[in-house]
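User: I would like to learn how to read a few local features in a structural model. Can we take them one at a time?
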Amino acid sequence: MYHELPRTASFWSFLLAVDEDLAEEARKQGCPCGGSLHCANYPRKPRGAGLELTEFQSLRLSFCCDRDGCRKRATPPSVRFLGRKVYLGAIVILVSTMRQGPTPRRVRELSIRFGADESTIARWQIFWREHFPQTPFWKVARAGLVTLGEIKSLPYSLVDAFLSRHPPSEGWMLLLRFLSPITVPGGLQIKVSQ
Ligand SMILES: [Zn+2]
């Protein structure tokens with residue numbers, strides 16, 4: 001079974017709204033030094049949405065501590081951006097999923113459709129196959145997923161688990177929200193918070 005991304009501007013606006021909530025949670029917590037966090041977003045040019053995103057929709061929401069001598073950056077988790085990858089997280093997941101499944105789509109076809117070259121797609125697959133399963137996040141998180149059925153291949157099984165139980169927009173949001181702890185700098189080392 002293949003799962004497509006909802007192809008509407010409202011889907012990306014929806015994801016942005018989720019990111020704003022995640023950012024607000026982080027802002028309220030403040031800096032570990034006791035300082036307050038001020039807005040310090042950084043502009044990005046994410047690829048793969050299949051439609052023109054506004055400047056605001058393309059921002060990676062982030063903060064900076066206002067206390068002299070600290071000034072640390074605090075970047076909240078995101079449902080739109082996966083680490084430093086240029087492509088939107090949902091695209092990285094979707095394309096990797098399409099390479100797996102019962103009848104994997106050809107790299108060339110995916111490359112044309114999403115504009116990611118072969119070596120990029122190969123890197124994403126290495127990420128899911130070799131790096132992701134080793135993360136503390138996944139080691140903890142998978143225990144909570146036993147009810148979703150057997151996780152045979154990543155990220156295919158994950159996408160299938162979330163998308164087969166929910167309408168597309170909601171399923172994607174829940175999956176991206178689930179994966180959001182790995183999206184912060186150094187996040188591949190962090191643990192699940194709940
Ligand atoms: Zn601080």
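User: Which residues does T183 touch, not counting residues up to four places away in sequence?

Analyst: This is a predicted model. Leaving out residues up to four places away in sequence, T183 touches R60, P77, S78, F81, L82 and G83. T183 itself sits in the segment after α7 (168-179). One polar contact runs from the T183 side chain to the backbone nitrogen of S78, at 2.8 Å.

User: Is T183 buried or exposed?

Analyst: Buried means under 20% relative accessible area. T183 has 4% relative accessibility, so T183 counts as buried.

User: Which residues coordinate the zinc ion, and what is the geometry of the site of the zinc ion?

Analyst: Ideal angles for four tetrahedral donors at a metal are 109.5 degrees. Here the zinc ion is coordinated by the SG atoms of C31, C33, C65 and C70, at 2.3 Å. The angles among the four donor atoms are 105 to 112°, and the site is tetrahedral. The spacing of the donor residues in sequence is C-x1-C-x31-C-x4-C. Of these donors, C31 counts as buried at 9% relative accessibility, whereas C33 is partly exposed at 32%.

User: How many aromatic pairs are there?

Analyst: Rings pair if their centres lie within 6.5 Å. By this rule there are nine aromatic pairs. One of them is F162 with F178, a tilted pair at 5.5 Å centre to centre and 40° between the planes. F162 lies in helix α6 (residues 156-163) and F178 in helix α7, so this pair ties together parts 16 residues apart in sequence. F162 is buried at 11%, and F178 is buried at 18%. Ring pairs also link F162 and F178 into a cluster with F127, W128, F132, F137 and W138.

Methods
Residues numbered from 1 in each chain as written. Predicted model: local features only at pLDDT ≥ 70, side-chain atom pairs only at ≥ 80, totals over all residues. Heavy atoms only, no water. Helix = DSSP H or I, 4+ residues; strand = E, 2+ residues; numbered from the N terminus. Buried < 20%, exposed > 50% of the residue type's maximum accessible area, 1.4 Å probe, protein only. Polar contact = N/O pair within 3.5 Å; in protein donor to acceptor, adjacent residues only side chain to side chain. Contact = heavy atoms within 4.5 Å. Donors = N, O, S within 2.8 Å, 3.2 Å for Na, K, Ca; no water. Tetrahedral: all angles 85-135°; square planar, octahedral: opposite > 155°, others 65-115°. Phe/Tyr/Trp six-rings, centres within 6.5 Å; stacked < 30°, edge-to-face > 60°.
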